[in-house]
Amino acid sequence: MASRQIAVAATGPFGADVLERLAAEHDVVELLTRPDKPRGRGRKVAAPPAKDAAERLGIRVAQPARLDESVELAAGTVVVCAYGLLIPNELLERALWLNVHPSLLPRWRGAAPVERAILAGDDATGVTIHRTVEALDAGPIAAQRAFPIGPDDDAGSVYARAAELAAELLRDVLLQDEPHFEPQSDEGVTYAEKVRPEDRELDSGAPPHELVNRVRALSPHIGARANLHGRDVIVWRARVDGDEFVPVEIQPAGKRRMAHEEFLRGLR
């Protein structure tokens, strides 16, 4: 049974996944998401993943280019997840804004917490539900739970686990008339900067396990870049064999994904 009417503010794939899980249990009356924009090689205008999910679910969609006092909120509680727009204080004061963040805050505040955790070789991460405040991912915490990052996990599997856990944690938080919040610690704060072009490059001189971590952190949604046998490729899966970095699945420029062995046969 739905606990209360809520709105969701989400844009990216992680936000879309959380939205679908919330809609299965709660009365989601509106999605706030970013405007459609050109994407991909053809630069065709496309909807954000969260909008696609909302339209499948029959949820009303609003796409303001920016948030200000003129924006009407459809519910007294707004769940924020991978939204990407600054929420001004005048709107924060109008509702209970609950942010879903896929890390163990205060570690990895910012845009790419899952990618940065895997890049750093973290063996665990988690989900934090906290009150949205103007400072980046710094609000007091209503719920938090950890889970391990396995050696074969990539960003896709970690985000999927985080979305599942977020729905579980929100189930409990949304049942409370007045959620209890604990301040975040001032110790252990790190920042997860967005993935930059240089973060995608595989440096052949780096230790093999660091290269594999980079591949895992950028798969299946971004891709790590390398030059193999004179060809530019994206490496989607890799492993360490002894003390060597071994590509497992790659994608040559302009072609489909394939096993590394198939790529090598094509070279011969």
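**A walk through the predicted fold**

Let's start at a single residue: H229 is exposed, because its relative accessible area of 58% is over the 50% cut-off used here. The model you are looking at is predicted, so please read every value below as computed from that prediction. H229 sits in the loop between β12 and β13, and its backbone has a feature worth a look: phi is near 50°, a positive value in a residue other than glycine. As background, most residues other than glycine have a negative phi, and most peptide bonds are trans.

A second residue makes a nice companion to H229. W108 is not a glycine either, yet its phi is positive, at about 65°. You will find W108 in the loop between β7 and β8. Is W108 buried or exposed? With a relative accessibility of 11%, W108 counts as buried, since the cut-off for that label is under 20%. H229, in contrast, is exposed.

While you are in the loop between β7 (96–101) and β8 (109–110), have a look at P106, which lies there too. The peptide bond leading from L105 to P106 is cis, and its omega is near 15°. Another cis peptide bond links S219 to P220, this time with omega at about 10°. P220 belongs to the loop between α6 and β12.

Now step back from the loop into the strand β7. How many of the six residues of β7 are buried? Six of six are, and the strand is accordingly described as mostly covered. In a regular strand the side chains alternate between the two faces of the sheet. In β7, L96, L98 and V100 are on one side, W97, N99 and H101 are on the other, and all of these are buried, which leaves both faces covered.

The pairing partners of β7 are easy to trace as well. Strand β6 (residues 77–81) runs parallel to β7, and four bridges connect the two. If you want a landmark for that pairing, V78 stands opposite W97 of β7. Strand β9 (residues 124–131) is also joined to β7 by four bridges, but here the strands run antiparallel. A good landmark for this pairing is H101, whose bridge partner in β9 is T128.

Further along the chain comes an open sheet of four strands, in the order β12-β13-β14-β15, with antiparallel pairing. Which strands form its edges? They are β12 (224–228) and β15 (258–259), each of which pairs on one side only. β15 is held to strand β14 (residues 244–252) in the antiparallel sense by two bridges, and I250 stands opposite M258 of β15.

A helix accompanies this sheet. Helix α6 (residues 208–217) lies across β12, β13 (231–241) and β14, and runs at about 120° to β13. Within α6, the buried residues are L211, V212, N213, V215, R216 and A217. What do the buried residues of α6 pack against? Their neighbours are the strands β12, β13 and β14 together with the helices α4 (113–119) and α5.

Helix α5 also takes us back towards the start of the chain, where helix α1 waits with two packing partners to explore. The first to visit is helix α2 (residues 49–57): α1 (residues 13–23) packs on α2 at an angle of about 20°, and the axes are 7 Å apart. That angle makes α1 roughly parallel to α2, the label used for angles under 35 degrees. The crossing of α1 past α2 is right-handed. From α1, the residues P13, A16, L19, E20 and A23 meet P49, A50, A53, A54, R56 and L57 of α2. By type, these contact residues divide into nine nonpolar and two charged, with no polar ones.

The other partner to visit is α5 (residues 155–175), which packs with α1 at an angle of about 40°, the axes being 9 Å apart. α1 and α5 are therefore oblique to each other. Here too α1 passes in a right-handed crossing. On the α1 side the contact uses F14, D17, V18, R21 and L22, and on the α5 side Y159, A160, A162, A163, E164, A166, A167 and L170. Sorted by type, the contact of α1 with α5 holds 10 nonpolar and three charged residues, and again no polar ones.

Methods: Residues are numbered from 1 along each chain as its sequence is written. This is a predicted model: local features need pLDDT of at least 70, side-chain atom pairs count only at pLDDT 80 or more; totals for chains, interfaces and linings use all residues. Side-chain values use heavy atoms; hydrogens and water are left out. Axes are lines fitted to C-alpha atoms, for helices over the stretch in contact, and angles run from 0 to 180 degrees between N-to-C directions. Angles under 35 degrees count as roughly parallel, over 145 as roughly antiparallel, 65 to 115 as roughly perpendicular and the rest as oblique. A crossing is left-handed if the near helix is turned anticlockwise from the far one by less than a right angle, and right-handed if clockwise. Contact means heavy atoms within 4.5 Å. Ala, Val, Leu, Ile, Met, Phe, Trp, Tyr, Cys and Pro count as nonpolar, Asp, Glu, Lys and Arg as charged, and the others, Gly among them, as polar. Two strands pair if DSSP finds at least two bridges between them. Buried means under 20% relative accessible area, exposed over 50%, partly exposed in between (1.4 Å probe, protein chains only).
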